[in-house]
Amino acid sequence: MALDIVSKARSFGGTQLTYRHASHRTGTPMRFSVFVPPQADHGTVPVLWFLSGLTCTEENFTAKAGAQRVAAELGLMVIAPDTSPRGDGVPDDPEGAYDFGLGAGFYLDATRAPWARNYAMRSYIEQELPALVADNLPADMARQGITGHSMGGHGALTIALRNPGRFASVSAFAPIVSPMHCPWGEKALSHYLGPDKAQWRAYDACALIEDGARLDAILVDQGTADGFLEEQLKPGLLETACRKAGIDLSLRLQPGYDHSYFFIATFMEDHLRWHGKRLGIGDC
């Protein structure tokens, strides 16, 4: 499958790129950004996936998170996909709301019309895009980590829990830990999947853990001044689920930080070094 370069720039000795390609799973063009560190000139390098949140594209993380400097030091490839399919004919929220439709794919495979035709972000992230990366980029697919923010934190946690052994490291920034128990998730899951809540459990980190899925360790940063903390994010639910399951969760409540990329950029280096240690690279 062909990759078209949308943009390319040197950064900290590596290369920051944005690619576009035709997706079989979504039936649309898709874009993703990738930072290729300078170490890739001499062989394959480990991969960290970053999944973005509601309203975002691949560009938000690439331009605002400040990951390139430390990723270049560690020799870490960082890949940021888009958050939903886009293009002519892709259905959107009929009322134009930001929390559903375009920019709000929730990293699931929709089963209800009209969403099922294009909204296949689970298969795209879990299967299609990794295969594309493996075939076209100097990525060591035996060493992968995954992280994300908000809706993307939900995606990172659920994808890792559904794919045991694939990711050596898992973290999240202000994740939606239980979509089954918050307004954003209830809206998305009911529209994309229908009313049967048994079908929702595959897309809820806390439910997956309750149903037996396990990870060795998880790092989560959460701002205490986040306006979505109590109603949408509810990190205490993840804390309880991990405690009962014996999962090593490091939940760091950061005083005064909100939900923005200022928060993400502040703790991005911590996360990159945390992943680097578990991926066996750099002096972390």
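C182 is buried, with a relative accessible area of 1%. The model is predicted. The sulfur of C182 has its closest cysteine sulfur in C206, 10 Å away, which is too far for a bond. C56 is also buried, at a relative accessible area of 7%. Its closest cysteine sulfur belongs to C182 and lies 17 Å off, again too far for a bond. A disulfide would need the two sulfur atoms within 2.5 Å. The structure holds zero disulfides.

Turn now to the sheet. Nine strands form an open sheet with mixed pairing. Their order is 1-2-3-5-4-6-7-8-9. The edges are strand 1 (4–11) and strand 9 (248–254). Each has a single partner strand, so one side of each is left without a neighbour in the sheet. On average, neighbouring strands are turned by 20° against each other, direction ignored.

Look next at strand 6 (residues 139–148) and strand 7 (residues 169–173). They run parallel and are joined by two bridges. G145 has its bridge partner in strand 7, namely S169. Helix 4 (residues 151–162) packs on the sheet. Helix 4 touches strand 4, strand 6, strand 7 and strand 8 (217–223). The direction of helix 4 makes about 135° with that of strand 6. Helix 8 (residues 235–245) packs on the sheet too, touching strand 8 and strand 9. Here the angle between the directions of helix 8 and strand 9 is about 155°.

The aromatic rings come next. The structure holds 14 aromatic pairs. One of them joins Y19 and F32, with the ring centres 5.5 Å apart and 35° between the planes. This pair is tilted. It links distant parts of the chain: Y19 sits in strand 2 (residues 14–22) and F32 in strand 3 (residues 29–36), 13 residues apart. Both Y19 and F32 are buried.

How is the pair of F50 and F61 arranged: stacked or tilted? The F50–F61 pair is stacked, at 4.1 Å centre to centre and 20° between the planes. The stacked class takes planes under 30 degrees apart. F50 lies in strand 4 (residues 45–51), while F61 lies in helix 1 (residues 58–64). The pair therefore ties together parts that are 11 residues apart in sequence. F50 and F61 are both buried. They also belong to one aromatic cluster, together with F173, Y257, F263 and F267.

Notes. Residues are numbered from 1 along each chain as its sequence is written. This is a predicted model: local features need pLDDT of at least 70, side-chain atom pairs count only at pLDDT 80 or more; totals for chains, interfaces and linings use all residues. Side-chain values use heavy atoms; hydrogens and water are left out. Rings of Phe, Tyr and Trp (its six-membered ring) pair if their centres lie within 6.5 Å; planes under 30 degrees apart count as stacked, over 60 as edge-to-face and the rest as tilted. Helices (H or I, at least four residues) and strands (E, at least two) are DSSP runs, numbered from the N terminus. Buried means under 20% relative accessible area, exposed over 50%, partly exposed in between (1.4 Å probe, protein chains only). Two strands pair if DSSP finds at least two bridges between them. Axes are lines fitted to C-alpha atoms, for helices over the stretch in contact, and angles run from 0 to 180 degrees between N-to-C directions. Contact means heavy atoms within 4.5 Å.
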